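Visitor: I would like a close look at one part of this fold, the sheet. Could you walk me through how its strands are put together?

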Amino acid sequence: MRDVAAPSTRQRVLPPNDPRQYDDLAGEWWRPDGAFAMLHWIAEARAALVPPAGRSDALLVDLGCGAGLLAPHLAGKGYRHVGVDLTRSALAQAAAHGVRVVNGDVTAVPLADGCADVVSAGEVLEHVPDWRGAVAEACRLLRPGGLLVVDTLNDTALSRIVAVHIGERLPTVPRGIHDPRLFVDARELVAECARHGVELRVRGARPELRGLLGWLLRRARGVEGTAGGGRVPRIVPTRSTAVLYQGWGVRKG
């Protein structure tokens, strides 16, 4: 894919969670140490919850797909990968990485009922004013026996401190990318999924601390990627769902 120019250092000031930020940050999506670096780590952890396809024409619908960061981690699992997003600049990059793209709202997806073997909703619910509508759509798209996989930020004081007041001051998260009023309570998400026939299991997730600290140190030294013997941080399970958490569940027949 042709490299996309890095965003201007004189970016316009936008309200928190404004979708236009993703156009301004279009050049950051595939930079290993760019503004969306943590989304790469989370995408790898999300893909680990997706089993190999059980049939030859299996479909995975990726809600809020962005620039297709999930695609490399699904390689070889046998799915047709369809991504849905509002941001056209991101979709152009997703298409270049093999994703079949749909420009649309995750609360009104222009795809048929029961079309998907897997629906992924990663790092999107906390950006949607109507997250319940997005959950309803995700469950509608699933065939009976299909798998829903999500990750999002919990609606807690600790989550607001870590993700916004601390996180948005680190080189891992763009400032103003979140509106904490939209964070999703884990218990409410489980209950909403149950209303639509999906029994969701949840667990906490966090960056592996040694890898994260090493990555931040390399960033501070101006060392790119894994140069100097460093490694990409991994997202690992944790008991606490107070900040970032994952969920997965099967739609009942």
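Visitor: To begin with, in which sense do strand β1 and strand β2 pair, and over how many bridges?

Guide: Happy to help, and please keep in mind that this is a predicted model. Strand β1, residues 59-63, pairs with strand β2, residues 80-85, in the parallel sense, and five bridges link them. Within that pairing, Leu63 stands opposite Val84 of β2.

Now for the whole sheet. It is open and has eight strands, in the order β3-β2-β1-β4-β5-β8-β6-β7, with mixed pairing. At its edges are β3 (100-103) and β7 (235-238), each of which pairs on one side only. From one strand to the next, the twist averages 25 degrees. As general background, the strands of a sheet pair through backbone hydrogen bonds, either parallel or antiparallel.

The antiparallel sense appears when we move along to β8. Seven bridges join β5 to β8, and this pair is antiparallel. Here Asp151 has Gln246 in β8 as its bridge partner. Strand β6 (residues 201-207) also runs antiparallel to β8, with five bridges between the two, and Arg201 stands opposite Trp248 in β8. Strand β8 itself spans residues 244-250; six of its seven residues are buried, so the strand is largely enclosed by the rest of the structure.

A helix completes this view. Helix α5, residues 131-141, lies across β1, β4 (116-122) and β5 (142-153). Its direction makes an angle of about 150 degrees with β5.

Note on methods
Residues numbered from 1 in each chain as written. Predicted model: local features only at pLDDT ≥ 70, side-chain atom pairs only at ≥ 80, totals over all residues. Heavy atoms only, no water. Pairing = 2+ DSSP bridges. Helix = DSSP H or I, 4+ residues; strand = E, 2+ residues; numbered from the N terminus. Axes fitted to C-alpha atoms, helices over the stretch in contact; angles between N-to-C directions. Contact = heavy atoms within 4.5 Å. Buried < 20%, exposed > 50% of the residue type's maximum accessible area, 1.4 Å probe, protein only.
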